[in-house]
Amino acid sequence: MLKLTRRGWNNVLIFATLFMILLFNMSDKIMQGDEVKTFSLGEYAQIQAIDFGQVKLQRIGRGWRATPALNNEYNFFSLISTWQQMRGELMPGATLVEPYVVSVLLAGEDAPRVFQLLPQGEQSLLQYQSEVFIIAVSIDQLIPQELL
């Protein structure tokens with residue numbers, strides 16, 4: 001049997017723990033394999049603010065406020081719901097020319113996420129962190145009509 005000092009056993013436990021962490025991280029990557037990369041804000045993401053450039057939407061309690069105010073009564077809840085539920089698949093090799101830039105601040109994050117959007121028929125292209133995704137949502141569901 002190994003005779004180790006208390007310090008020696010502590011080192012064995014530390015290295016065993018590090019090895020297990022590394023093993024779990026590597027097994028996750030191996031299990032995912034060649035899956036198609038997808039995009040979503042997250043199932044439980046809570047949007048705090050959306051900045052469209054000219055107009056900024058902010059969560060005020062359970063409601064929303066546009067600064068400056070939009071001309072008509074706009075359904076902010078539908079817009080926010082669309083942002084939270086949108087999903088997209090990676091579209092390698094696509095580039096966006098003159099996109100709409102939208103910043104979305106999520107609860108618990110210090111900095112907003114910056115997205116670039118471009119209409120693609122009934123769908124839209126979304127660029128986030130230098131990757132382009134195709135989403136099955138038209139751009140007028142993501143940006144108020146007055147800003148297009």
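In this predicted model, V102 finds its bridge partner in β7, and that partner is F115. The pair belongs to a longer match-up: strand β6, residues 100-106, and strand β7, residues 113-120, run antiparallel and are joined by five bridges. Six residues sit between these two strands in the hairpin, and G108 takes a positive phi near 90° there. The next hairpin along follows straight on from β7. Strand β8 covers residues 123-128, and five bridges hook it up to β7, again antiparallel. One residue pair to look for here is Q116 with its bridge partner in β8, Q127. The turn has two residues between the strands, and G121 takes a positive phi near 70° in this hairpin. As background, strands of a sheet pair through backbone hydrogen bonds, in a parallel or an antiparallel way.

Zooming out, these hairpins are pieces of a bigger sheet. Nine strands make up an open sheet with antiparallel pairing, and the order across it is β1-β5-β9-β8-β7-β6-β2-β3-β4. The edges are taken by β1 (38-39) and β4 (63-67); each has a single partner strand, so one side of each is left without a neighbour in the sheet. Towards the β4 end of that order comes another antiparallel pair, with three bridges between strand β2 (residues 47-51) and strand β3 (residues 56-60). Within this pair, A49 has Q58 in β3 as its bridge partner.

Strand β3 is also home to R59. With 24% relative accessibility, R59 counts as partly exposed, because that value falls between the 20% limit for buried and the 50% limit for exposed. Leaving aside residues up to four places away in sequence, R59 touches Q46, I47, Q48 and W64. F19 is another matter: it is 40 residues from R59 in sequence, and the two C-alpha atoms are 44 Å apart in space.

What about the chain as a whole? It has two helices and nine strands, and reading along the sequence gives the pattern α-β-β-β-β-α-β-β-β-β-β. The radius of gyration comes to 22 Å, well over the 15 Å that the globule rule gives for 148 residues, so the chain is more spread out than a compact globule. The C-alpha atoms fill a box of roughly 80 × 40 × 20 Å along the principal axes. Buried residues account for 29% of the 148 residues. The chain exposes about 10,500 Å², and 54% of that area is supplied by carbon and sulfur atoms. Among contacts with a separation of 6 or more, 50% are between residues 24 or more positions apart.

Part of the exposed surface is a nonpolar patch formed by L2, L4, W9 and V12, which together have about 370 Å² of accessible area. Of these, L4 lies in the segment before α1 (6-32). The relative accessible area of L4 is 35%, which makes it partly exposed.

Salt bridges are next, and the structure holds two of them. In general, side chains of opposite charge can pair when their charged atoms come close. One of the two is between K37 and E131, with the closest N and O atoms 2.9 Å apart. This pair links distant parts of the chain: K37 is in the loop between α1 and β1, E131 is in strand β9 (residues 131-135), and 94 residues separate them. K37 is partly exposed at a relative accessible area of 41%, and E131 is also partly exposed, with 24%.

The other salt bridge joins the side chains of R113 and E109, at 2.7 Å from N to O. Are the two residues buried or exposed? R113 is buried, with a relative accessible area of 18%, while E109 counts as partly exposed at 29%.

One last residue worth finding is P92, in the loop between β5 (88-90) and β6. P92 is exposed, and its relative accessible area is 71%. Although P92 and F133 are 41 residues apart along the chain, their C-alpha atoms are separated by 8.1 Å.

Definitions and conventions: Residues numbered from 1 in each chain as written. Heavy atoms only, no water. Pairing = 2+ DSSP bridges. Helix = DSSP H or I, 4+ residues; strand = E, 2+ residues; numbered from the N terminus. Patch = residues over 30% accessible without salt bridge, like charges linked within 9 Å, V, L, I, M, F, W, Y side chains within 5 Å. Areas by Shrake-Rupley, 256 points an atom, 1.4 Å probe, with all protein chains shown as cover. Salt bridge = Lys/Arg side-chain N within 4 Å of Asp/Glu carboxyl O. Buried < 20%, exposed > 50% of the residue type's maximum accessible area, 1.4 Å probe, protein only. Rg over C-alpha atoms; globule rule 2.2 N^0.38 Å. Contact = heavy atoms within 4.5 Å.
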